[in-house]
Amino acid sequence: MRRFTQVSLTGLAIALACAIPVHAQEPVVTSNASALGAYPASPPAPVVEHPFGETVVDPWRWLEADVRTDAKVADWVKAQSSFTDAYLKQLPERPAFEKRLKALIDYERFSLPEQRGNRVFYRWNSGLLNQSQLLVGDADAPAGAKGRVLLDPASWAKDGATALDAWAPSDDGATVAYSVQDGGSDWRTIKFVRSADGAALADEIKWVKFSGLYWVGNDAVIYSRFAEPKAGEAFQALNYNQTVWLHRLGTPQSADVQVYATPEAPKLGHGAQVNTDGRWVVIGSNEGTDPVNAVHIARIAGGKVGPVTALVPDRTAQWDLIDGLGDVLWFVSGQDAPLKKIVRVDLTGPKPQFTTVVAQASDNLESATIVGDRIVASYLHDARSDLRLFTLDGKPAGSVALPGLGSVQGVSGHAGQATGFLSFTSFTTPVTILRLDPATAATNIWQPVKLTFDPADYRIEPQFYTSKDGTKIPLFVVRRKDAFGPVPTILYGYGGFNVSLNPWFSPTTMAWLESGGAYAVANLRGGGEYGDAWHDAGRRARKQNVFDDFIAAGEWLKANGVTPASGLAIEGASNGGLLIGAVTNQRPDLFAAANPGVGVMDMLRFDRFTAGRYWVDDYGYPEKEADWRVLKAYSPYHNVRSGRDYPAILVTTADTDDRVVPGHSFKYTAALQAAAIGSKPHLIRIETRAGHGSGKPIAKVIEEAADVQAFLAHWTGLQPRP
């Protein structure tokens, strides 16, 4: 619609392993004789089950309980945290990393702006603010001019852990709807503020999750929510019956009007959008994480939403709304186009008329938006962005020159708007906002970024390597221009849910690079880099391809002199946490250190908590025997094996992660610490008042990054920059 944004790696995830062979009748817990001394106790309480004729022992199921309500789990978390904190604080590398991270993240940052009426809205951070502010300014102000503060989350919580999430200005820009995220949870509360003077409105909408925010005119919003969960179940219960609602300003939530619901299909999730001129509500519905969806529409007239009718009734392909003008809608579609195409839908006649206006290309079409009278389409070419322009009837209208090899993370604008904005980033370039003239394809910097390093001192090397089955896999290697020969290296991967790992900037990565290390990103199968076929090649029964791809990347880095024999660290978060856990079990000899973050570690029970049921599209169904056997074979929690030396492992999670519940990481850590897998440390770092990643205060970001970087540096031999 009015903007597109790269899918964040908040992901829908997985990950790690168990000290007990899955066929064992009774747990045999061996002390992992660590140089640290004895780990905190994780007493097993075996749960024995017999799925599909097999015997599976789950010794630490009690660690699945909510830390807020279960005293035993709370005591375990406290003991593990104290043990890990004591170890991390004494690492000699940590002070230097923390100091440098503070300096690297202390730069002025701007988000992708949104223009409505004569106002422009955007997030801003001076550098070390725990939470970015929302600013509003004059749309015609010169480049570099800053607006005034409209919302300051610093006033919302003393610990800085309450964040501004989504925000959307009304059509005239007079009012902003925004959602509040507390403690990292996926639950949101929607509130409203007046743009002119910052006055808060009394309206408040609760129990919102996985929702957009779209205005119907200037006095109502459409959103999606679930029913209020039962007491004590908010952070673990499965989410069913998502419903689309209309809220009119000045009325209580109890008066909201239900727009669309499917009680006969409680697993369906529904997201609603409103096109730029406010004529149509477009509702996309899917059951899991697959991009395939059904589409329903409803006409808006007089501020009211009419009857909902089916436009694309079957969930057989991807249909993402770009925007609409009058009775014409444009979509990014995967119908008979695994690399996606653009379809125009004319609603003026008795039946909708579908016309392909931009055919499938040789590169994967990620997203599109309409700015002025141009379609701005973002393609992926070997995992880097290529921005192309088309007329509304699909004729090529040139391309947008980007600042370098990198990613367009988002485009904002709408039909009839003279200019739009785009955000660009790369491994050595922080997010930079460019103003875009869609008529000429010209860009200019809207807000300059002042850096504390020189990007010219670094090189980005696109590579390809060969995986186990002969498939060519893209790989980015980033290092200082004077960093030659084998150097300690972090290898990052994800490989799932159609998520592409395009180049992105991270001060944490920069601290590693400054110290002379290398950073590598493997574009594994399971992602969306090359369309549906690439995604399909790395999910369900083909999930092992993802692990093979990652292992092959590690072998390539060593064989080609990027990293020394004992200098490879690996990282991944969410679905990437599963990746790190699985490959550590399969090839513990290949890696010196590992950081699996917020991963789903128990693949036999992932679908029993919060959003876990959505992930069956990528992982399969644990209740189906064929899927269960695939899942059991790589489940990190069920495949830790004594008798082999494992790398140093620092598991990271958070107590309020209600997407991938922390019980996965708790159980996995207990399994690691119980197994005889060598004397290197196998620890867990548990953040408080934080969730799956978004909304984390900058202070907590720096602390965690310093801990992780110091840990990986210590076990790979990297000496941090003083």
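## Close-up views of a predicted model

**View A. Strand β27 sits largely enclosed by the rest of the structure, because seven of its eight residues (374–381) are buried.** Please keep in mind, for this view and the others, that the model is predicted. On one side, β27 pairs with strand β26 (residues 364–371) in the antiparallel sense, over seven bridges. Its pairing with strand β28 (residues 384–391) is antiparallel too, and here eight bridges are found. Ile375 is a handy residue to centre on: it stands opposite Ile370 of β26 and also opposite Phe390 in β28.

**View B. Here are the two turns that lead into and out of β27.** The hairpin of β26 and β27 has two residues between its strands, and Gly372 takes a positive phi near 65°. The hairpin of β27 and β28 likewise leaves two residues between the strands. In that turn, Asp382 has a positive phi of about 50°.

**View C. This view turns to the largest nonpolar core, a set of 116 residues.** Which of its members touch the most others? They are Tyr465, Leu475, Leu491, Leu557, Trp615, Tyr619 and Phe711. Helix α10 (residues 698–716) supplies the largest share of this core, with nine residues. Another core, of 15 residues, lies apart from it, and Val328, Trp330, Ile375 and Ala415 are among its members. So Ile375, met in the β27 views, belongs to this other core. As background, nonpolar side chains in soluble globular proteins tend to be buried together.

**View D. Leu475 and Glu461 are shown side by side, as they are in contact.** Beyond its neighbours within four places in sequence, Leu475 is in contact with residues including Pro462, Gln463, Tyr465, Leu491, Ala520, Val521, Trp556 and Leu557. Two of these partners, Tyr465 and Leu491, are also among the core members that touch the most others. Glu461 lies in strand β34 (residues 458–466). Is Glu461 buried or exposed? It counts as buried, because its relative accessibility is 16% and the cut-off for buried is under 20%. Not counting residues up to four places away in sequence, Glu461 touches Leu475, Phe476, Val477 and Arg479.

**View E. Eight strands form an open sheet with mixed pairing.** Their order is β34-β35-β37-β36-β38-β39-β40-β41. At the edges are β34 and β41 (682–687), each of which pairs on one side only. From one strand to the next, the twist averages 20°. Within the sheet, strands β36 (residues 489–492) and β37 (residues 518–522) run parallel and are joined by four bridges. Ile490 stands opposite Tyr519 in β37.

**View F. Two helices are seen against strands of the sheet.** Helix α6 (residues 575–586) lies across β38 (568–573), β39 (593–597) and β40 (648–654), and runs at about 140° to β38. Helix α9 (residues 663–674) packs on the sheet and touches β39, β40 and β41. The direction of α9 makes about 160° with that of β40.

**View G. The last view looks into the second largest cavity, which holds about 70 Å³ of space.** Fourteen residues line this cavity, and those closest to its centre are Ala65, Asp66, Arg68, Gln236 and Pro662. How many cavities of 30 Å³ or more are there? The count comes to three.

Note on methods:
Residues numbered from 1 in each chain as written. Predicted model: local features only at pLDDT ≥ 70, side-chain atom pairs only at ≥ 80, totals over all residues. Heavy atoms only, no water. Core = buried A, V, L, I, M, F, W, Y, C linked by side-chain atoms within 4.5 Å. Buried < 20%, exposed > 50% of the residue type's maximum accessible area, 1.4 Å probe, protein only. Contact = heavy atoms within 4.5 Å. Pairing = 2+ DSSP bridges. Axes fitted to C-alpha atoms, helices over the stretch in contact; angles between N-to-C directions. 1 Å grid on protein atoms, 1.4 Å probe; cavity = no way out; pocket = protein on both sides within 12 Å on 5 of 7 lines; lining within 4 Å. Points joined across faces, edges and corners; volume = space filled by probe spheres on them.
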